[in-house]
Amino acid sequence: MKIYSLSGASGTGKSTSALELAYLHNIEGIIDDGILIIHGEKCAGTSAKFEKNAFTAVRRAIFLEDAHRNEVKSAIEQSNIHSLLIIGTSDKMTKKIAARLDVGTIDTFIYVEDVRTQKEIRQAQFIRQTQGKHVMPIPHAQVEQNFFKRIIQKGRDIFLNKKKIGETTIVQPDFHKERIEIARAVYVAVLHQILSESDIVAKFEIMHLATEAIPQMQIAVYLHAPISYDVIMHLTLLQKEISHQFLLHFGIEPEFIHLQVRGIK
């Protein structure tokens, strides 16, 4: 069996990337947080995301419990798959999982930075830190629903070349207790400061500011008269400044920044 490893820090989007990576490399099976996934469907195991604390979640993810290990190991043997992707936070972790499941040595090591851009990684980390959401690369219907205080919702469908290759599910584990709360008023205050300090903006109105996930904004601006400069260039520079300041203060660039010129004062 050809074994692949995908590693990266927690919350960087490994599970979201797993289906795409498996499709591109013709990988039949995935080991992610204690479960075996074959061709996008859960086949065996119990997810570490259903544990009550981080300690037992780690034990589940690396198959320390013999019953759990034997269940997944047996399922791999019976499936007759020829390739497997093991997901973990480090090479050490994926090697340990490979050894526990007796699947052989890892042939190819892949890192999340190889398959996702820095912007995508920052977005994934931001959602993890502010909402505590984790992604499972299996369909919503296959996720156990009877867990106390479990928040489960359908994730996104994964498409490549207009072909659907799998589904994801979003869960909020009990062990994920630490979250950063950013009030909408904080985003507004930073935005007001940036726009107030702009040399070209005479007046502005925040028409739309979504803060549920990655910030999105639509702003109407009135420009100072007279205009003796390239308007498009200066508005682009203003967008870049907003993006830079949001990255500086919140660790994330807005998903989009729409500026609309309403008039000249």
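What share of the 265 residues in the protein do buried residues make up? Buried residues (under 20% relative accessible area, with exposed over 50% and partly exposed in between, for a 1.4 Å probe and protein chains only) make up 46% of the 265 residues.

The model is predicted, so local features need pLDDT of at least 70 and side-chain atom pairs count only at pLDDT 80 or more, while totals for chains, interfaces and linings use all residues. Residues are numbered from 1 along each chain as its sequence is written, and side-chain values use heavy atoms, with hydrogens and water left out.

**Exercise 1. Describe the protein as a whole.**

Step 1. Count the elements: the secondary structure comes to eight helices and twelve strands. Helices (H or I, at least four residues) and strands (E, at least two) are DSSP runs, numbered from the N terminus.

Step 2. Take the dimensions: along its principal axes the C-alpha trace spans about 75 × 35 × 30 Å.

Step 3. Look at contacts (heavy atoms within 4.5 Å). Of those with a separation of 6 or more, 69% are between residues 24 or more positions apart.

**Exercise 2. Trace the two hairpins that share β3.**

Step 1. Two strands pair if DSSP finds at least two bridges between them. β2 and β3 are joined by four bridges in the antiparallel sense, and one bridge sets Gly29 against Ile38 in β3.

Step 2. This hairpin of β2 and β3 has two residues between the strands, and Asp33 in the turn has a positive phi of about 55°.

Step 3. β3 also pairs with β4, antiparallel and over four bridges. Here Ile38 has Glu41 in β4 as its bridge partner. Two residues again lie between the strands of the hairpin, where His39 takes a positive phi near 50°.

Step 4. Check the faces of β3: Ile35 and Ile37 are buried on one side, and Leu36 and Ile38 are buried on the other.

**Exercise 3. Find which face of helix α3 is buried, and what covers it.**

Step 1. Test the length of α3 (residues 66–79). The expected span is 1.5 Å times one less than the number of residues. For the 14 residues of α3 this gives 20 Å, which agrees with end C-alpha atoms 20 Å apart.

Step 2. List the buried residues of α3: His68, Arg69, Val72, Ala75 and Ile76. Down the helix axis they fall within an arc of 135°, so they line one face; the arc is that of the directions from the axis to the C-beta atoms. An α-helix has 3.6 residues a turn, so residues three or four places apart point the same way.

Step 3. Turn to the opposite face of α3, which carries the exposed residues Ala67, Glu77 and Gln78.

Step 4. Identify the cover: β2, β3, β4, α2, β5 and α4 are among the elements over the buried residues of α3.

Step 5. Go past the end of the helix: α3 is followed by Asn80, whose phi is positive, near 60°.

**Exercise 4. Place Ala98 in its surroundings.**

Step 1. Ala98 lies in helix α4. Ala98 counts as buried because its relative accessibility is 2%.

Step 2. Outside the neighbours within four places in sequence, Ala98 is in contact with Ile86, Val103, Gly104 and Ile106.

Step 3. Compare sequence with space: Ala98 and Ile31 are 67 residues apart in sequence and 9.5 Å apart, C-alpha to C-alpha.

**Exercise 5. Assemble the sheet β10-β11-β12 and the core beside its helices.**

Step 1. Order the strands: this is an open sheet of three strands, β10-β11-β12, with mixed pairing. β10 (201–210) and β12 (256–264) are the edge strands, each pairing on one side only. Eight bridges join β10 to β11 (residues 216–223) in antiparallel fashion, and Ala210 stands opposite Gln216 in β11.

Step 2. Add the helices. Helix α7 (residues 184–196) packs on the sheet, touching β10 and β11. Helix α8 (residues 231–250) lies across β10, β11 and β12.

Step 3. Define a nonpolar core: a set of buried Ala, Val, Leu, Ile, Met, Phe, Trp, Tyr and Cys residues joined through side-chain atoms within 4.5 Å. The largest has 23 residues, and among those with the most contacts inside it are Leu191, Met217 and Phe246. The elements giving two or more residues are α7, β10, β11, α8 and β12. The largest share, six residues, comes from α7.

Step 4. Follow one residue: setting aside neighbours within four places in sequence, Leu191 is in contact with Ile206, Met217, Ile219, Ile242 and Phe246.

Step 5. Note the second, separate core: its 22 residues include Ile3, Phe63, Ala75 and Val103.

Methods
Axes fitted to C-alpha atoms, helices over the stretch in contact; angles between N-to-C directions.
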